[in-house]
Amino acid sequence: MKKKKIAQLKEFYHTHLLDNVMQYWVNSDLIDKEYGGFITSVDREGKSYNDDKSVWFQGRCLWTFSKLCNTYGVKEEWATAADRGAQFIKEHCIDEDGRMFFVVTKDGKPLRKRRYFFSESFLVVGFAEYYLLRRNEEDLALAEKYFDFMYQMYKNPASDPFKITPKENAEVRSLHANSYPMVLVSSAQTLRRANPARASHYDEIIKDVIADMMNLHYKADLHCVLENVQLDGGILDNPTGRTINPGHTIENSWFLMNYANNVGDKELLQKALNMLKWSLDWGWDKEHGGMFYFVDVYGRPCEQLEHDMKLWWVHNECLIAILTALHLTNDPVFEAWYDKMHKYVFSHFPDKKYGEWYGYLHRDGTVSHTQKGSLWKGPYHLPRCLMLCEQILGAMEKDERLPDLL
């Protein structure tokens, strides 16, 4: 990629992040000035239509506002949002058994709790980044405590204090989900950066969970990564077992590229590049452009009604991963993919009238949902994408090594 193009793109991402996306969110009803925390269910113009709070997004928004301060310098509105978000999590989002809730009311009363430890994973990355902002050792200790808790539950599900009926009868069928090692790999790398003194500890865990990914989910013969497999890595021949989630695999690919680059693991880097290439091929819609949400490895029908929709976050992860691969390899194949992805993304997702992005498009690229936030969408994937793309392009412009993305 030519230096002039790199400089123009870097400035584009910087401006889009600070003058469009974050300006939208700080002017919206996101930041709850009454109770603290964040309300992500906002309409096209930024007005709340549901005051219930996603616990995922309490941790995710804590990460976003902390990362903004750590990247661009402390702004009072960002830092205050992070402070009040951290307080809300500590006071309202953790149950008596140590597990976290999934949804709470505006004033922090528990509404719903789930078996998955994704709420915990976002606490980890949120408080690790917040520690780098405020340098309070208690915040780092909280992040490390919850990471250890997650890893313990991953290795020994019976240790989970939240006793709930399994989603399926484990005596008949048990599956291994790739989403668990994925969040462990990403959050471990954030802690590795926050606390370099324990890097070797996190390296051991990262290598352990990567081995599970590669031995169970990475299918070189099929050129894919499967979301759910049998405990021995075998393929379950039903819609759940045949599902490829291109966006998840592409997000995971840059997690792995980042780690491979940091520790000099060439074999892992090649596998991560394979994951990216395969998933782009599986996911790209050759008729309308953009990335499918789900595909079936054998070309059978997908059960997910949204399988052919185009989601914002999938395309955010594509931009990060393709730019990362381009920087690490200088392969023109990735520049061609980047140009194609960038063109599709910025001609379809941004709302030119009110700012920010639509989250959900029909297959043909028309808008499905006009709201900018929900319990599932808020200021996380998109701000992260814009920040990291700017950083990658900055390194490319100066011929520097890839920055630590996590």
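**Surface.** I started with the outside of this predicted model. The chain exposes about 16800 Å², and carbon and sulfur atoms supply 49% of that area.

**Burial.** Next I asked what share of the 406 residues is buried. I found that buried residues make up 59% of them.

**Charges.** I then looked at the charged side chains. There are 50 positive and 57 negative ones in the chain. The centres of the two sets lie 3 Å apart.

**Overall form.** I noted 13 helices and twelve strands in the chain. The radius of gyration is 20 Å, close to the 22 Å that the globule rule gives for 406 residues, so the chain is as compact as a globular protein of that length. I also looked up the extent of the C-alpha trace, which spans about 55 × 50 × 45 Å along its principal axes.

**Contacts.** Here I took the contacts in the chain with a separation of 6 or more. Of these, 67% come from residues 24 or more positions apart.

**One sheet up close.** I picked an open sheet of three strands, and its order is E10-E11-E12 with antiparallel pairing. Why is one side of strand E10 and of strand E12 left without a neighbour in the sheet? Strand E10 (310–311) and strand E12 (367–369) stand at the edges and each has a single partner strand, so one side of each stays without a neighbour there.

I followed the link between E11 and E12 a little further. Strand E11 covers residues 360–361, and two bridges join it to E12. These two strands run antiparallel. I could also put residue names to a bridge: Tyr360 has His369 in E12 as its bridge partner.

Notes
Residues are numbered from 1 along each chain as its sequence is written. This is a predicted model: local features need pLDDT of at least 70, side-chain atom pairs count only at pLDDT 80 or more; totals for chains, interfaces and linings use all residues. Side-chain values use heavy atoms; hydrogens and water are left out. Two strands pair if DSSP finds at least two bridges between them. Helices (H or I, at least four residues) and strands (E, at least two) are DSSP runs, numbered from the N terminus. The radius of gyration is taken over C-alpha atoms; the globule rule is 2.2 Å times the number of residues to the power 0.38. Buried means under 20% relative accessible area, exposed over 50%, partly exposed in between (1.4 Å probe, protein chains only). Contact means heavy atoms within 4.5 Å. Accessible areas come from the Shrake-Rupley method with a 1.4 Å probe; for residues, only the protein chains shown count as cover. Lys and Arg count as positive and Asp and Glu as negative; His and the chain ends are not counted. The place of a charge is taken as NZ of Lys, CZ of Arg, CG of Asp or CD of Glu.
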